[in-house]
Amino acid sequence: MTKLPKLPAALVAGALAALPISMLPGAAANAAPAGSYTLGKVTFVGNDQVPTADLQSALPIQPGEKIDEAGMSQETDAVEQVYRKHNVGASLSIRKTITPRKVALLTYTFTEQAPVAPTVTHIGITADHVGVAGNKKISTDKILAAANLHPGDTLTNEKIAAAQTAILALYKKANVGATINSGWTNTTPQHVDLVFTVVEKTS
């Protein structure tokens with residue numbers, strides 16, 4: 001029976017994929033009639049992953065300035081560009097309200113997609129030394145040759161399992177019963193001395 005040590009794993013931060021921003025059906029509720037207005041308050045709702053300051057500063061037309069329908073489209077395009085820059089996907093709805101004094105009030109409401117989780121990648125550790133202990137009936141050189149692991153190799157659970165299987169096959173070929181275990185001691189972070197421990201069965 002063999003025992004496999006549990007290898008450490010590391011997180012590799014992966015870059016977030018760019019996600020689209022889409023307009024919800026009927027987003028332009030209370031759309032303003034054609035004409036020129038004074039832009040009043042611009043409100044952002046639901047932008048948890050994108051700072052309000054970034055959205056506000058990106059607006060080509062700021063509160064207090066004149067705006068028309070073309071200008072309102074430019075405002076929306078600028079808001080969408082900020083979301084793309086932050087790689088955040090969202091659905092966007094827009095409410096336009098025109099006051100009797102011809103002041104345009106805009107409210108942008110976002111339904112954001114959840115952040116993309118970072119990619120998890122297993123990173124192996126490096127063997128500084130590979131040794132054998134407990135062997136009497138088969139030489140260390142033959143066991144290491146069967147294991148086929150060398151100093152400088154990157155270790156994974158799969159490689160260690162394959163090495164133990166190969167050592168066990170060597171013992172079976174020699175008609176000697178044995179169990180093979182493996183373990184290591186850390187020399188530096190991500191570097192180890194690996195040892196295969198053999199328990200040979202007496203005849």
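The following paragraphs lead from the whole chain to one of its helices and to the charged pairs formed there.

The structure is a predicted model. Its protein chain contains four helices and eleven strands. Of the 203 residues in the chain, 33% count as buried. The accessible surface comes to about 11600 Å², and carbon and sulfur atoms contribute 57% of that area. Among contacts with a separation of 6 or more, 70% join residues that are 24 or more positions apart.

Helix α2 covers residues 69–85 and therefore has 17 residues. From its first C-alpha to its last it reaches 25 Å, close to the 24 Å expected at 1.5 Å a residue. At the N-terminal end, the helix is capped by D68: a side-chain oxygen of D68 lies 3.2 Å from the backbone nitrogen of A70. After the helix comes N87, which has a positive phi, near 55 degrees.

Which residues of α2 are buried? They are G71, M72, E75, T76, A78, V79, E80, V82 and Y83. In an α-helix there are 3.6 residues a turn, so residues three or four places apart point the same way.

Attention now turns to the charged side chains. Side chains of opposite charge can pair when their charged atoms come close. The count of salt bridges in this model comes to two.

One of the salt bridges is formed by the side chains of E69 and K96, at 3.8 Å from N to O. This pair links distant parts of the chain: E69 belongs to helix α2, whereas K96 belongs to strand β5, residues 90–98, and the two are 27 residues apart. Are these partners buried or exposed? E69 has a relative accessibility of 26% and so counts as partly exposed. K96 has a relative accessible area of 10%, which is under the 20% limit, and it is therefore buried.

The other salt bridge joins the side chains of E80 and R84, with an N to O distance of 3.9 Å. Both residues lie in helix α2, four residues apart, which is about one turn of the helix. E80 is buried, because its relative accessible area of 12% is under 20%. R84, at 36% relative accessibility, falls between the 20% and 50% limits and therefore counts as partly exposed.

Helix α2 thus takes part in a salt bridge with strand β5 through E69 and K96, and E80 and R84 form a salt bridge with both residues in the helix.

Notes: Residues numbered from 1 in each chain as written. Predicted model: local features only at pLDDT ≥ 70, side-chain atom pairs only at ≥ 80, totals over all residues. Heavy atoms only, no water. Expected span 1.5 Å × (residues − 1). Buried < 20%, exposed > 50% of the residue type's maximum accessible area, 1.4 Å probe, protein only. Polar contact = N/O pair within 3.5 Å; in protein donor to acceptor, adjacent residues only side chain to side chain. Salt bridge = Lys/Arg side-chain N within 4 Å of Asp/Glu carboxyl O. Contact = heavy atoms within 4.5 Å. Areas by Shrake-Rupley, 256 points an atom, 1.4 Å probe, with all protein chains shown as cover.
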